[in-house]
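Trainee: I'd like to practise reading a structure out loud. Could we go through one together, with me asking and you reasoning?

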Amino acid sequence: MSKILIAALYKFAPLDDHEVQRDPLKTFCEDRDVRGSILLASEGINGTICGPEAGVREVLAHLRSDPRLAELEHKEAWSDRHVFKRMKVRLKQEIVRLAVEGIDPNEIVGTYVKPENWNELISDPDVVVIDTRNDYEFAFGTFENALNPETQSFREFPDWVREAVALESKPKVAMFCTGGIRCEKATSLLKREGFDEVFHLEGGILNYLEKVPEEQSMWKGECFVFDDRVSVDHQLQPKWGEWIPEEARHIINEDTDYDK
C-alpha cells in the first residue's frame, strides 16, 4: 500500500523575508518526517516534498497560513517509500532560474489552458508547441509534435527563443513543463518579447496526466521528475529508473543534487 504522499508545489509571490523563513521551515518539515527540496526566493517558493500524509498536509497548511501563499499550487502522487533522502530548504535568486531581469508572472503571463482543453489547442495547425524542459527530460517523453529546444538548463531558453525560426512560422505558441512553474516564466518572457497569442498548460504535465484519460492522451512516454522516482507513467506511478534514455544518464545517479 502506498503510504508516502508526494506534493509538488510552487507559488510566485513577493517574499521579502524569505531568508528568515528557511530554518524554521526546515525544522517544521523534519519534525513531521517530511523530506524533499524547497527553494525560497524573493519571488516565491518552489519544491517537492514527501512523507506521511498527515505530515505533508500539515506542511502545506503551514505554508498556506501565510496570506501571500494562500493560493499555493500543489499536485499529488503516492509512493510506497520516501523519494528524497533528507529535507533541504535553500535560498535562491529565483525559484526557477531564467536569469532575465524584469520577468514577473504576477505582472504579465500567457493564457492558462486546462488539461481538458489542451489536446484541442495543440492540434490546431496554427499553433507551435514547445517543450520548455531540458533535453534529458524531453528524452523520457513529450507531447505529440512538440519542439525540443535542446537546452541543458532553463537559463538557455531565452537565447533559444530569440533565435528560433520555428516561432516565426505560426501565430500561436503553446508551452508546457512538468508542473507549470517554468511555463509561467516562459510565457511571461514571450509576452515581453512581443508574442501576442501565448498559451501554457495549467498545472503542467503532471496535471494533464492526472486529468486526461490515457486513451485520450496525446502524451507519449514517461515524465521525468526531480527525485528518486526518476520518472512517472501516465498513472503517475513511479518508475524508479527502470528505463533511462541515453540523454539522461549523465544526470542520474544515487547522489544527484537536481536543484543546483
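**Helices and a strand, one at a time**

Mentor: Let's start with helix α6, in what is a predicted model. Of the 12 residues of α6, 10 are buried, so the helix is largely enclosed by the rest of the structure.

Trainee: Which residues of α6 are the buried ones?

Mentor: A residue goes on that list if its relative accessible area is under 20%. For α6 that gives Ile 181, Arg 182, Cys 183, Glu 184, Lys 185, Ala 186, Thr 187, Ser 188, Leu 189 and Leu 190.

Trainee: How far apart are the end C-alpha atoms of α6?

Mentor: Start from what to expect: at 1.5 Å a residue, the 12 residues of α6 (residues 181-192) should span 16 Å. The model agrees with that, as the end C-alpha atoms are 17 Å apart.

Trainee: Which residue just after α6 takes a positive phi?

Mentor: Look just past the end of the helix for a phi of about 105 degrees. The residue with that positive phi is Gly 194.

Trainee: On to pairs of helices. Are α1 and α2 roughly parallel or antiparallel?

Mentor: Helix α1 (residues 18-30) and helix α2 (residues 53-64) pack at an angle of about 155 degrees, with their axes 9 Å apart. Angles over 145 degrees count as roughly antiparallel. So α1 and α2 are roughly antiparallel.

Trainee: And which residues make that contact?

Mentor: By class, the contact of α1 with α2 has five nonpolar residues, one polar and one charged. From α1 come Leu 25, Phe 28 and Cys 29. On the α2 side, they are Glu 58, Val 59, His 62 and Leu 63.

Trainee: How is α3 oriented relative to α7?

Mentor: Helix α3 (residues 115-122) and helix α7 (residues 204-211) pack at about 105 degrees, with axes 8 Å apart. Angles from 65 to 115 degrees fall in one class. That makes α3, relative to α7, roughly perpendicular.

Trainee: Which residues of α7 does α3 meet?

Mentor: The contact of α3 with α7 has three nonpolar, two polar and two charged residues. From α3, Pro 115, Glu 116, Trp 118 and Asn 119 take part. In α7 they meet Asn 207, Tyr 208 and Lys 211.

Trainee: Last one: is Phe 176 buried or exposed?

Mentor: Phe 176 sits in strand β9 (residues 172-176). Its C-alpha is 10.0 Å from that of Val 113, though the two are 63 residues apart in sequence. With 0% relative accessibility, Phe 176 counts as buried.

Terms used: Residues are numbered from 1 along each chain as its sequence is written. This is a predicted model: local features need pLDDT of at least 70, side-chain atom pairs count only at pLDDT 80 or more; totals for chains, interfaces and linings use all residues. Side-chain values use heavy atoms; hydrogens and water are left out. Helices (H or I, at least four residues) and strands (E, at least two) are DSSP runs, numbered from the N terminus. Buried means under 20% relative accessible area, exposed over 50%, partly exposed in between (1.4 Å probe, protein chains only). Axes are lines fitted to C-alpha atoms, for helices over the stretch in contact, and angles run from 0 to 180 degrees between N-to-C directions. Angles under 35 degrees count as roughly parallel, over 145 as roughly antiparallel, 65 to 115 as roughly perpendicular and the rest as oblique. Contact means heavy atoms within 4.5 Å. Ala, Val, Leu, Ile, Met, Phe, Trp, Tyr, Cys and Pro count as nonpolar, Asp, Glu, Lys and Arg as charged, and the others, Gly among them, as polar. The expected span of a helix is 1.5 Å times one less than its number of residues.
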